Amino acid sequence: MSDDTETREDMPDDATPGPSRDDPQADAAGDRTGSFPARTADAARGALGFLTRTPVGTDRRAWAAFRRTPAAFVPVGYLVGTLAAVPVLAPLPVATAAVLFPLALVGLTGINHADGVADIGDAAVVHGGEEPIAARRRVLKDSSLGVGGALALALLVAGLSAAGAALAGLPRLPALAIVVAAEVSGKLGMAMLACLGTAPADGLGAQLTRVSGERDLLVPLLLALPAAVLSVPSPAAAVTLGAGVLTALSCRRWADARLRGVNGDVFGAANELARVVGLHAGVIAWTLS
């Protein structure tokens with residue numbers, strides 16, 4: 001995704017949705033005033049606005065509170081996962097569920113994060129040359145879709161469709177548990193990037209990483225733990241959560257080595273890849289348990 005495109009994954013600070021977001025320090029007053037419940041509510045609204053298509057949380061106060069509250073990522077995972085599971089829980093043919101499942105995710109969350117997958121796919125196929133890191137970062141600024149990005153998107157959609165088909169064949173409660181745990185894993189992965197990552201340049205990644213640290217990761221972890229026990233006595237949900245988180249951390253490691261840090265595209269790609277890997281890991285775990 002290009003830094004100058006109108007998406008939320010990797011924009012320069014002066015292009016992010018909402019007023020006056022050009023300076024990471026400029027929002028300080030917006031999220032440090034008011035009571036703790038009010039700031040929490042603002043962060044929740046901001047998380048919904050950033051992570052879903054819900055028409056809330058696009059104002060400056062909500063964005064400022066959200067970006068300083070990594071824990072706000074995780075509850076959205078429970079909500080989106082529950083709603084996205086409807087196609088695989090409904091009494092539909094397996095093929096129909098396979099089609100409707102990715103469509104439900106797009107309807108709930110939009111395509112901004114998938115756009116990050118496309119951009120990272122294009123950057124991942126860059127090799128050779130004297131400045132491969134600079135070349136990859138230039139590719140991220142190019143709004144056109146290359147072969148690598150197209151292949152990455154195709155694999156993502158195929159993975160989601162296959163997961164939908166597999167989930168439609170499971171009992172309803174385990175299927176719901178796996179979908180919710182996969183969604184939570186993606187959101188926890190994004191929170192981890194915000195707390196542990198560093199951004200290579202100004203932009204959305206910098207706005208999220210520069211205001212959080214390792215100590216801010218405890219609450220997101222605690223909020224995500226219930227997702228791991230949703231399928232007890234089967235370990236399917238725990239495997240789903242763990243696989244998704246490991247995938248997100250792998251994205252961070254790749255970005256550090258190939259891009260010198262995490263940007264908005266990496267956040268989006270981590271969410272999408274954590275979800276699809278977690279879904280398949282959970283289905284496999286349920287099948288073997």
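**Exercise 1.** In which loop is Pro-233 found?

*Solution.* The model is predicted. Start with the flanking helices: Pro-233 sits in the loop between H12 and H13. Next, inspect the bond before it. The peptide bond from Val-232 to Pro-233 is cis, and its omega is near 15°.

**Exercise 2.** Describe how H13 and H14 pack.

*Solution.* Take the geometry to begin with. H13 spans residues 236–258 and H14 spans residues 264–288. Their axes come within 7 Å and cross at roughly 150°. The crossing of H13 past H14 is right-handed.

Then list the contacts. H13 contributes residues including Ala-236, Ala-243, Gly-244 and Cys-251. Among their counterparts in H14 are Val-266, Leu-273, Gly-278 and Trp-286. Sorted by class, this contact has 15 nonpolar, five polar and no charged residues.

Now look at the link. Arg-260 is found in the loop between H13 and H14. Arg-260 is not a glycine, yet its phi is positive, about 65°.

**Exercise 3.** Find the salt-bridge partner of Asp-59 and say what the pair ties together.

*Solution.* Search with a cut-off of 4 Å from side-chain nitrogen to carboxyl oxygen. The count comes to seven salt bridges. In one of them, Asp-59 meets Arg-45, at 2.7 Å from N to O. Arg-45 lies in helix H2 (36–51) and Asp-59 in the loop between H2 and helix H3 (60–67), so the pair ties together parts 14 residues apart in sequence.

**Exercise 4.** Locate a nonpolar surface patch that includes Leu-222.

*Solution.* Place Leu-222: it lies in helix H12, residues 218–224. Add the other members: Leu-218, Val-219, Leu-223 and Leu-225. Together with Leu-222 they have about 450 Å² of accessible area.

Notes: Residues are numbered from 1 along each chain as its sequence is written. This is a predicted model: local features need pLDDT of at least 70, side-chain atom pairs count only at pLDDT 80 or more; totals for chains, interfaces and linings use all residues. Side-chain values use heavy atoms; hydrogens and water are left out. Axes are lines fitted to C-alpha atoms, for helices over the stretch in contact, and angles run from 0 to 180 degrees between N-to-C directions. Helices (H or I, at least four residues) and strands (E, at least two) are DSSP runs, numbered from the N terminus. A crossing is left-handed if the near helix is turned anticlockwise from the far one by less than a right angle, and right-handed if clockwise. Contact means heavy atoms within 4.5 Å. Ala, Val, Leu, Ile, Met, Phe, Trp, Tyr, Cys and Pro count as nonpolar, Asp, Glu, Lys and Arg as charged, and the others, Gly among them, as polar. Patches are made of residues with over 30% relative accessible area and no salt bridge: like charges are joined within 9 Å, nonpolar side chains (Val, Leu, Ile, Met, Phe, Trp, Tyr) within 5 Å. Accessible areas come from the Shrake-Rupley method with a 1.4 Å probe; for residues, only the protein chains shown count as cover.
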